[in-house]
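Okay everyone, thanks for coming. I'd like to take you through a structure that may be new to most of you. Have a look at it on the screen, and then we'll start.

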Amino acid sequence: MDNMFCYQCQEASKGVGCTVKGVCGKTDEVSNLQDLLVFISKGVAVLNNIAKKNELTLSEADEYIYEALFMTITNANFDDQKILDKIKEGFEVRKSITQKLAALGVELPSDIHSSAIWYSDDVEELERKAILVGVKSEADEDIRSLKELVVYGLKGVAAYAEHAANLGFTNEDIFAFISKALAETTRTDIGMDELVPLVMETGKFGVDVMALLDKANTQSYGNPEITEVNIGVRNNPAILISGHDLKDMEELLQQTNGTGVDVYTHSEMLPANYYPKFKKYEHFVGNYGNAWWKQKEEIEAFNGPVLFTTNCIVPPTDSYKDRVYTTGSSGFPGVKHIADREDGKTKDFSEIIEHAKKCASPKQIEEGTIVGGFAHNQVIQLADKVVDAVKSGAIKKFFVMAGCDGRMKSRDYYTDFSQQLPDDTVILTAGCAKYRYNKLPLGDIGGIPRVLDAGQCNDSYSLAVIAMKLKEVFELNDINELPIVYNIAWYEQKAVIVLLALLYLGVKDIHLGPTLPAFLSPAVADFLVKEFGISMKGDVEADIEKFMA
Ligand code: SF4
Ligand code: SF3
């Protein structure tokens, strides 16, 4: 029997699954505990579903589920103890729901799924159980594939729901769907006929949660605007902030203000530079480094402490491990974790700020600026210019190249692709995929840059809003009639929800790369090809020729 089995990300070993240790660095122990955490979350969802049907809204259950799922996203949390603690918290949440249901006189069905009732307080027994409840516990490969597609989509939904909730924005329908869909995956009598619509419904809630997070971000921090972001350094001690959580970004900027400590964004936090409320801070210097997978060399050179607010963490080397801090759903054994907010209070970043003061200033690794901030509001302000450029033929095609970056050599495709695209094309991007081409001199078309960065992976929502707006302006019936090609790069489960959201919006013929998800069985992959025209990236020249035809 395998030590573990995980195939949720693009780097799954041999394109099949990691069975000894994760390519990401996750140990078998952590992987199995994450499986148990998903199992217990399903149990909470089963009970929460019953509660919701009885008009009982339990925010602690909704919160538990999205936090737990987020912890299992690739490269978010490697800390076995934190995952064990979350499993134990799940037992408490289940107990509390059960008691509340009993108080209402609601009896649990006799055939309730074991995830809702199985319990142990013995660590060894928990570890034994963890091995039994993983992905492979579903024997049928097609049912397993669809169930996991739903679960991975939900992990993305959970991550975005948590960010929105941190800003005070929640949506009961989204929470109800998360619980309903998770509970559906526990059914042994569910078939393809019910799972396929559930996958599509997951995509619908992907759109909804990204819209909610967009509202949360823009109402809290203003609409992203065109911004030249400095990628060089200053001569002050500094903190590097990575991940996706803008509430953490806000509080770190507030607490570092006036301390002599600068703040730089890293990887997916780059789009924080585009928000008016953050730009006003003089000590917010710009962005340092590139996509997540280059972090070892970059953190080494940064000299100061780094704060991970979410994924993507690469297991740190001893040379800088003492400078790594995690917070929220992220974690790594042996690194300092900044505690969650207590009601009405901010997080306390004083320790990392004091740490920064003792460190040397960052070593310069790049210089100059990059341009971003093309979220929907900004692009719609430029709509006349864009429409004129399309009508005059100055812009022939748009290429949506959203998604993730990763370390595989085959991802050079995206750099080569962007370089070889004809000059009358524009790339619309979001997510850390952008680092493959956002520093290339690709020029502009009549003042419109050829790479328009909307923001983080969740801001793929902006790209959908822009497409809808163009469809309206050009008076088209179908989004697929637009001169837009989708060439998406995926890595982790947030990209899965972005993909499902695009499918739900009716986008056809998406090109996906660099490899097919290992969790798609041949039959499920075949279905996606036939139903949605999904195809895999090929050779740069041939792909460009095909897309431009
Ligand atoms: Fe392997 Fe990806 Fe799972 Fe890590 S997250 S264990 S690399 S499949
Ligand atoms: Fe990147 Fe991890 Fe996916 Fe948010 S930070 S897009 S990979």
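**Starting from one lysine**

Let's begin with Lys396, which sits in the loop between α13 and β9. One thing to keep in mind as I talk: this is a predicted model.

So, is Lys396 buried or exposed, or partly exposed? With a relative accessible area of 46%, Lys396 falls in the partly exposed class, because that class runs from 20% to 50%. Lys396 also has a neighbour from far along the sequence. Met548 is 152 residues away in sequence, but the two C-alpha atoms are 8.4 Å apart in space.

Lys396 has a charged partner as well. Asp424 makes a salt bridge with Lys396, and their closest N and O atoms are 3.4 Å apart. That pair ties together distant parts of the chain, 28 residues apart: Asp424 is in the loop between α14 (412-420) and β10, while Lys396 is in the loop between α13 (383-391) and β9 (397-400).

**More salt bridges**

As a bit of background, side chains of opposite charge can pair when their charged atoms come close. How many salt bridges does the structure hold? The count is 31.

Let me pick out a few. Glu268 pairs with Lys434, with 3.9 Å between the closest N and O atoms. Here again distant parts of the chain are linked, this time 166 residues apart: Glu268 comes from the loop between β3 (262-265) and α9 (276-279), and Lys434 from the loop between β10 (425-429) and β11 (444-445). Both Glu268 and Lys434 are buried.

Now look at Lys409 and Asp412, another salt bridge, where the closest N and O atoms are 2.4 Å apart. Lys409 is exposed, at 66% relative accessible area, and Asp412 is partly exposed, at 26%.

There's also a network of salt bridges, and that one links Glu184, Arg187, Asp189 and Glu194.

**The two ligands**

We've already met Glu268, and here it is again, in the shell around ligand 2. Others in that shell include His244, Trp292, Asn311, Tyr491 and Glu492, along with the cysteines Cys312, Cys404, Cys432 and Cys457. Sorted by class, that's 6 nonpolar, 3 polar and 2 charged residues.

Where does ligand 2 lie with respect to domain 2 and domain 3? It lies between them, because domain 2 (227-357) and domain 3 (375-548) both contribute residues to its shell.

Ligand 1 has its own set of residues, among them Met4, Tyr7, Gln8, Lys26 and Thr74. You'll find cysteines here too: Cys6, Cys9, Cys18 and Cys24 are in this shell. The class count around ligand 1 is 8 nonpolar, 3 polar and 1 charged.

**The sheet**

Last stop, the strands. Strands of a sheet pair through backbone hydrogen bonds, either parallel or antiparallel. Which way does the pairing go in our open sheet of 6 strands, parallel or antiparallel? It's parallel, and the order is β4-β3-β2-β5-β6-β7. At the edges you have β4 (284-287) and β7 (336-338), and each of those pairs on one side only. From one strand to the next, the twist averages 25 degrees.

If you want a spot to zoom in on, try β2 (residues 238-242) and β5 (residues 306-308), which pair in the parallel sense over 3 bridges. There, Ile241 has Leu307 of β5 as its bridge partner.

That's my tour, thanks for listening.

Technical notes:
Residues are numbered from 1 along each chain as its sequence is written. Chains are lettered from A and ligands numbered from 1 in the order in which they are written. This is a predicted model: local features need pLDDT of at least 70, side-chain atom pairs count only at pLDDT 80 or more; totals for chains, interfaces and linings use all residues. Side-chain values use heavy atoms; hydrogens and water are left out. A residue is near a molecule or strand if one of its heavy atoms lies within 4 Å of it. Ala, Val, Leu, Ile, Met, Phe, Trp, Tyr, Cys and Pro count as nonpolar, Asp, Glu, Lys and Arg as charged, and the others, Gly among them, as polar. Two strands pair if DSSP finds at least two bridges between them. Helices (H or I, at least four residues) and strands (E, at least two) are DSSP runs, numbered from the N terminus. Axes are lines fitted to C-alpha atoms, for helices over the stretch in contact, and angles run from 0 to 180 degrees between N-to-C directions. A salt bridge is a side-chain nitrogen of Lys or Arg within 4 Å of a carboxyl oxygen of Asp or Glu. Buried means under 20% relative accessible area, exposed over 50%, partly exposed in between (1.4 Å probe, protein chains only). Domain bounds come from an automatic or database domain assignment.
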